[in-house]
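Thanks for coming. I will go through one structure today, starting with a single residue and then moving on to sheets, cores and rings. Please have the sequence and the model open.

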Amino acid sequence: MRILFLILCFIGFSISSFAQNIVVIGEQDRQPISGVALYNGEKTKSGITDLDGNVDISEFDDDELVYFKHISYNLSAISKRGILAGGNSVSLSLSPSSLDEIVLSVSKFGQSKRDIPQQIATVTSKDVLFRNPQTAADLLESSGQVYVQKSQLGGGSPLIRGFSTNRLLITVDGVRFNTAIFRGGNVQNVISIDPFVVDRTEVILGPGSVVYGSDAVGGVMNFYTQKPKFSFEEGLDVSGNVLGRYATANQEKTGHFDFNLGMKEWAFFTSASYSDFDDLTMGSNGPDDYLRTEYAETINGVDTEVSNKDPQVQKFTGYDQINLMQKIRYSPTEQWDFNVGLFYTSTSDYSRYDRLIRKSNGVLRAAEWYYGPQEWLSGNLQVSHQQDGVALFDDSKITLSYQRFKESRNDRDFGDTILFETDETVSAYSGGLDLTKKLAPKSTIFYGLEYVYNKVGSKGKQTDITNGISVADASRYPNGATWQSMAAYASLQAKFSSEVSFQGGLRYNHILVDADFTENNQFFNLPFSEASVNTGALTGSAGITWQASKLLGWRFNMGTAFRAPNVDDVGKIFDSEPGSVVVPNPDVEAEYAYNFEVGTTLNFNDVVKFDLATYYTSLKDALVRRDYTLNGQTEIEYQGELSTIQAIQNAGRARVYGFEAGVEVNFSEVLQFTSQFNVTDGFTEEEDDSRVPIRHAAPAFGNSHLIFTKDKWKLDAFVDYNGQFDFEDLAPSQQNNAFLYALDEDGNPFAPSWYTLNLAGQYQITEALELTASLENITDQRYRPYSSGLAAAGRNLILAASYKF
């Protein structure tokens with residue numbers, strides 16, 4: 001009997017102890033909130049929610065009021081007895097402010113935004129549900145601080161502070177997404193990330209090489225996907241979401257579902273999304289230069305130019321895409337957290353639209369130009385451990401990852417019977433160890449190690465479409481080429497006082513590239529059979545934040561960043577533009593950027609807020625495309641055309657500078673105005689020391705929102721706007737691509753200014769059912785974002801319904 005009594009007491013004690021753990025969630029999105037401070041009236045008892053919104057309240061008395069405080073949410077107080085009676089869950093309502101945030105992962109661990117000297121842009125999961133971005137590129141664009149270029153509907157190449165493509169870094173759950181074949185031209189890999197599974201997106205504006213290494217020159221785009229959630233009751237907890245969406249501009253039909261299975265120590269999250277996009281229709285009010293008046297079609301074996309019955313329809317832009325994700329989570333104790341993430345994404349074939357509208361001597365140049373399915377397969381394991389008192393660390397995180405990227409390019413000239421095809425596969429392996437250690441009550445060091453290995457598979461062939469016979473051709477990259485990165489970093493955050501905080505760090509990175517050109521030398525008489533890069537880079541940063549008063553705050557930051565040569569720089573063979581071919585160059589080295597920025601915040605009693613920043617970046621030894629000689633020759637024949645020889649070289653110097661301004665006005669608890677405006681300018685120094693506009697500096701752009709939120713309603717009237725680039729504002733490469741732009745009075749290409757008026761609304765029918773509708777580009781403007789081959793959507797009605805269970 002005594003043993004039975006002890007067992008019953010133990011069970012009762014365990015249940016009672018388990019019942020003391022609660023979760024704090026957002027009232028609107030029902031998502032866990034980390035970093036919520038809990039305390040009693042006398043502030044003698046306290047706690048703080050972890051990354052999953054969990055906290056233990058066992059030290060509070062049953063009738064004691066527990067206060068919940070978070071800078072982004074309204075202060076709330078509820079008795080402990082009431083919390084337990086309410087199912088161990090507390091919901092907080094958002095405060096009118098949105099510019100203040102607490103938890104970020106700039107150093108791979110949570111930090112307060114006010115202690116970070118860099119400018120950060122964020123997009124949350126509730127923003128995704130309200131804005132309805134079709135791709136992750138559209139998600140980034142909705143921030144108002146990232147510009148997006150599109151060569152085709154299945155694309156989206158971000159531009160940040162005058163940099164793009166392989167001078168920007170993408171991570172997914174802390175894992176490097178950039179590969180050894182990220183190029184200097186526009187890239188569309190970001191569309192492989194499913195917006196529906198992104199819990200939070202954080203964009204570091206400016207260099208991030210100390211923590212993230214090569215490519216983090218202009219910015220770092222961090223996508224954090226949903227984590228499985230544990231149950232706070234005995235047994236299995238099942239929850240999920242179902243969503244359907246339709247858009248008129250490209251007849252989008254999207255379906256998504258996810259479900260979560262939560263137990264006390266195990267949790268599983270499964271997600272699937274499918275989208276079908278038809279050809280995109282542009283607006284009716286704007287330059288006629290953008291109209292798709294004709295297209296190529298093969299009729300009875302003959303390439304024919306066909307008149308487009310509706311020139312506003314951008315023929316052959318449609319495609320479809322599937323996204324799958326599976327997460328598994330195991331947490332045996334409060335100190336250990338194991339996470340497994342599996343991702344698979346694939347598109348259909350999709351046309352490169354800007355190549356389909358090019359003309360040569362008044363005739364369409366390409367009969368077909370399309371990418372094969374873009375596939376991304378990824379698996380990662382993350383093990384987090386928290387252990388105060390260990391000599392070397394308090395928090396640690398081990399990340400192991402494997403990724404496989406597949407893509408292909410297929411093109412055939414108008415009237416030609418030969419279809420050229422290149423197929424690429426990149427296998428990417430990475431391992432990282434990240435740690436933190438509190439050195440003093442107000443000082444924390446973040447440090448870690450990283451290893452990345454990429455292997456590139458590349459094949460080329462040409463096929464005679466009349467008989468289907470294929471023969472081998474030059475590959476785009478040297479088959480079997482490898483890229484390796486080994487790095488160690490450390491950064492320190494120290495609070496000198498409650499008003500002044502310092503953050504600085506160093507990173508050493510070593511890069512190895514090996515490429516063998518034996519296979520391609522049967523097609524090109526290259527003066528070398530192999531190439532290798534063995535180089536190191538030391539980068540650093542230092543910044544201070546100073547909250548001078550409740551009204552005024554300052555940020556000062558300076559740092560260096562680098563981009564090491566990759567396989568695309570060292571070994572690529574491709575046609576960069578009509579009449580030019582880029583060949584390998586084994587003599588390239590890393591390029592460096594030096595950045596300085598200053599920012600300030602003004603807060604007038606949480607009613608009016610300003611967030612301002614200005615920056616200056618100098619890029620040296622830039623890897624740029626320049627004319628080149630091969631065996632003493634300046635021209636060779638490539639894919640049947642005599643072409644000027646070019647190569648990637650350390651021949652460029654550039655300066656980029658700009659200004660960013662954000663404003664927030666809270667008229668009341670239900671009415672808010674926000675606006676974001678960005679100006680970027682800069683120049684590249686040519687070989688003759690002349691200065692020309694920098695290629696990836698976007699025109700002035702921004703957005704303004706008037707938001708009404710009350711009860712079950714949310715309404716947003718907003719405008720997106722974009723400045724003009726005259727002919728002399730365009731980089732030389734863009735001046736030579738007149739087909740992308742409108743023509744001015746002198747017949748020269750230019751990028752006109754544009755704006756769109758938009759209205760979005762959301763209604764919560766029940767706690768589970770929500771409807772969203774948006775009418776974008778109400779005035780049906782016809783425009784192309786800078787450097788894009790694709791004209792943007794005309795008037796577009798988006799309807800979506802979501803259901804939570």
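I start with serine 209, which is found in helix H5, residues 209-212. Keep in mind throughout that this is a predicted model. Is serine 209 buried or exposed? Its relative accessibility is 1%, so serine 209 counts as buried. What does serine 209 touch, once residues up to four places away in sequence are not counted? The list is Ala216, Arg507, Thr539, Thr560, Ala561 and Phe562. There is also a distance to note here: between serine 209 and leucine 538 there are 9.5 Å from C-alpha to C-alpha, while in sequence the two are 329 residues apart.

A second residue, treated the same way, is threonine 135. Threonine 135 sits in the loop that runs between helix H3 (125-131) and helix H4 (136-141). With a relative accessible area of 5%, threonine 135 falls under the 20% cut-off and is therefore buried. Apart from neighbours within four places in sequence, the contacts of threonine 135 are Ile191, Pro195 and Tyr319.

Now the nonpolar cores. In general, nonpolar side chains in soluble globular proteins tend to be buried together. How many residues does the largest nonpolar core have in this model? It has 90, and the residues with the most contacts inside it are Val190, Ile193, Val203, Met221, Phe223 and Val567. Take valine 203 from that list: leaving out neighbours within four places in sequence, valine 203 is in contact with Gln119, Ile120, Ala121, Leu140, Val146, Ile160, Val220 and Met221. Another core lies apart from the largest one; this other core has 14 residues, including Val36, Phe60, Phe68 and Leu92.

Next, the sheets. One open sheet has three strands in the order E4-E1-E7, and its pairing is mixed. Which strands are at the edges? They are strand E4 (54-56) and strand E7 (89-92), each of which pairs on one side only. On average, neighbouring strands in this sheet are turned by 30° against each other, direction ignored. Strand E1, residues 21-26, runs antiparallel to E4, and three bridges join the two. One position to look at is asparagine 21, whose bridge partner in E4 is aspartate 56.

Another open sheet has four strands, ordered E3-E2-E5-E6, with antiparallel pairing. Here the edges are strand E3 (46-48) and strand E6 (73-79), each pairing on one side only. From one strand to the next, the twist averages 20°. Between E2 and E3 there are three bridges, in the antiparallel sense. Within that pairing, leucine 38 has glycine 47 in E3 as its bridge partner.

Further along the chain, strand E24 (residues 336-347) and strand E29 (residues 375-386) run antiparallel and are joined by 11 bridges. Phenylalanine 338 has valine 383 in E29 as its bridge partner. E29 also pairs with strand E30, residues 395-413, antiparallel and over 12 bridges. In that second pairing, tryptophan 376 stands opposite phenylalanine 405 in E30.

That leads to the aromatic rings. The structure holds 27 aromatic pairs. Why does the pair of tyrosine 39 and tyrosine 67 count as stacked? The ring centres are 5.6 Å apart and the planes are at 10°, which is under 30 degrees, so the pair is stacked. Tyrosine 39 belongs to strand E2 (residues 37-39) and tyrosine 67 to strand E5 (residues 65-70), so to speak of distant parts of the chain: the two are 28 residues apart. As for exposure, tyrosine 39 is buried at a relative accessible area of 16%, whereas tyrosine 67 is partly exposed at 25%.

Ring pairs also build a cluster, which links Trp266, Phe268, Tyr330, Trp336 and Phe338. Phe338 is the residue already mentioned for its bridge to valine 383.

Finally, charges over rings. Where does the charged end of arginine 352 sit? It sits over the ring of tryptophan 369, at 5.6 Å from the centre of that ring. Lysine 397 lies over the face of phenylalanine 109, with 5.4 Å to the ring centre.

That is the end of my list. I am happy to go back to any of these places on the screen.

Definitions and conventions. Residues are numbered from 1 along each chain as its sequence is written. This is a predicted model: local features need pLDDT of at least 70, side-chain atom pairs count only at pLDDT 80 or more; totals for chains, interfaces and linings use all residues. Side-chain values use heavy atoms; hydrogens and water are left out. Buried means under 20% relative accessible area, exposed over 50%, partly exposed in between (1.4 Å probe, protein chains only). Contact means heavy atoms within 4.5 Å. Two strands pair if DSSP finds at least two bridges between them. Axes are lines fitted to C-alpha atoms, for helices over the stretch in contact, and angles run from 0 to 180 degrees between N-to-C directions. A nonpolar core is a set of buried Ala, Val, Leu, Ile, Met, Phe, Trp, Tyr and Cys residues joined through side-chain atoms within 4.5 Å. Rings of Phe, Tyr and Trp (its six-membered ring) pair if their centres lie within 6.5 Å; planes under 30 degrees apart count as stacked, over 60 as edge-to-face and the rest as tilted. A charge sits over a ring if NZ of Lys or CZ of Arg is within 6 Å of the ring centre and within 35 degrees of the ring normal.
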